[in-house]
Amino acid sequence: MKYIGNKSNLLGFIEESLRSADVPLRGHFTDLFSGTTSVAEHFKKLGFSVTSNDFMTYSYVMQKAFVESNKQPSFDKVIKSLNLSVTSSPVQTVLDHLNNIEPREGYAFHNYGAEGSQKRMYFTKENACLIDAIRDAIQDWRDTDLVDESEFYYLLAVLIDAADHVANMSGTYGAFLKIWRSVALKKINLKNRIVFDNSCLNFANQENAEDLITRVSGDILYLDPPYNSRQYAPNFHVLESIAVWDKQELSGITGLRNYDKQKSDFSSKTKATQALSKVVSSANFRYIALSYNNEGIIPHGDLLEILRAKGEVQIFIQEYRRFRTERDHDKRRYKDVGDKTQEYLFIVTVKP
Ligand SMILES: C[S@@+](CC[C@H](N)C(=O)[O-])C[C@H]1O[C@@H](n2cnc3c(N)ncnc32)[C@H](O)[C@@H]1O
């Protein structure tokens, strides 16, 4: 998934840096800003018991499906109730059923579909109507107890992933494109994903990191806060709507949700340093690993001061490709600074 700050291409760098810093890779791992859950899932696979968190609902859905849950859904009740004949696997049977559902003109069609009343070109008419039918079916099954909680989150997570894949945008939902990208013209397709079982208890959370930090403890605390002033809520609002499905009234040309309660201090130049200081000083962990970027809004000196107050700091650096949307290319934003940024991993061995 294309997501600002997605660490899926930096998992090796993060793991190797921790090994080089002699951090024992076992025990309990907390990922306080989980986003796509790439880091939480990686450390789950390494055998850690994992606590994940993010204040966005679409992230919480993915955490519930792939971090907290340890079992591939069986879908017993829904298969029986709809009299579906099981093909290659129960999961594939249910996904095939949803992929072939009758499309319907609903909330997604009206608000995010090219032919809806708002003419927003996030999805083709067919895909918007399929999103409506699939999302309503998943909700209906949950409300009538045909799927349990983990089955519900699994289906919702694969729907979010599939919708994101065919969305007509270039990296964020800050704007839709005015001409169709080729992948947006493909039919939405829910794909089977394996749920990894680490035989541990794992916990998904949807809280403000500044609050949750006072109630968690463990071995490694991984921090990957936003590093620039782009708020996540307006940039990924379509995924949030599909996750929440509250069908709220949207505003403006791009159809924004209200996000008063999902504004991050970490994306505010005046508040970010204090927010990080609060999280780090409250942390009750043996090690803290912080991902940040050389263009982040917290000055390097402030970062080091905050971390050094907690213990000995080691710094690992990797060159990385800049996150760009098509608009960034059009406006030649960042043209003076090139395509590369430096990705830092600060590892703190916390003073006893
Ligand atoms: C850099 S991204 C994390 C990316 C993630 N590591 C990944 O690989 O996908 C930062 C995340 O922090 C979340 N976030 C920002 N401020 C937050 C806060 N105060 N509390 C909880 N989550 C927050 C955003 O929603 C976003 O998903």
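This is a short talk on one helix contact, some aromatic pairs and two unusual backbone angles in a predicted model.

Okay, let's start with the helices. Have a look at α5, residues 90–99, and α7, residues 125–143. Their axes come within 10 Å of each other, and the crossing angle is roughly 130°. So α5 counts as oblique to α7. Who's doing the touching? On the α5 side you've got V94, H97 and L98, and on the α7 side I134, A137, I138 and W141. If you sort that contact by class, you get six nonpolar residues, one polar and no charged ones.

Right, on to the aromatics. Searching the whole structure turns up 22 aromatic pairs. I'll pick out Y112 with Y122: the ring centres are 5.8 Å apart and the planes sit at 75°, so we call this one edge-to-face. In terms of sequence, this pair ties together distant parts of the chain, ten residues apart. Y112 belongs to helix α6, which is residues 107–112, while Y122 is in the loop between α6 and α7. And are those two tyrosines buried or exposed? Y112 has a relative accessible area of 1%, so it's buried. Y122 comes out at 0%, so that's buried too.

Zoom out from there and you'll find both tyrosines in a cluster linked by ring pairs. Its other members are Y3, Y58, Y107, Y173, F176, Y232, F236 and W245.

While we're on rings, there are a couple of charges to show you. R193 lies over the face of F66, 3.7 Å from the ring centre. Then there's K263, whose charged end sits over the ring of Y259, at 5.2 Å from the centre.

Last bit: backbone angles. Which residue in the loop between β1 and α2 should you click on? That would be T37; the strand there is 28–31 and the helix 38–45. T37 isn't a glycine, yet its phi is positive, about 75°. T37 is also buried, with a relative accessible area of 0%.

D145 is another one to look at: again not a glycine, and again a positive phi, this time about 65°. You'll find D145 in the loop between α7 and α8, where α8 is 149–165. How accessible is D145? Its relative accessibility is 42%, so it counts as partly exposed. Set that beside T37, which is buried.

That's my tour; happy to go back to any of these on the screen.

Note on methods:
Residues numbered from 1 in each chain as written. Predicted model: local features only at pLDDT ≥ 70, side-chain atom pairs only at ≥ 80, totals over all residues. Heavy atoms only, no water. Axes fitted to C-alpha atoms, helices over the stretch in contact; angles between N-to-C directions. Helix = DSSP H or I, 4+ residues; strand = E, 2+ residues; numbered from the N terminus. Parallel < 35°, antiparallel > 145°, perpendicular 65-115°, else oblique. Contact = heavy atoms within 4.5 Å. Nonpolar A, V, L, I, M, F, W, Y, C, P; charged D, E, K, R; others polar. Phe/Tyr/Trp six-rings, centres within 6.5 Å; stacked < 30°, edge-to-face > 60°. Buried < 20%, exposed > 50% of the residue type's maximum accessible area, 1.4 Å probe, protein only. Lys NZ or Arg CZ within 6 Å of the ring centre and 35° of its normal.
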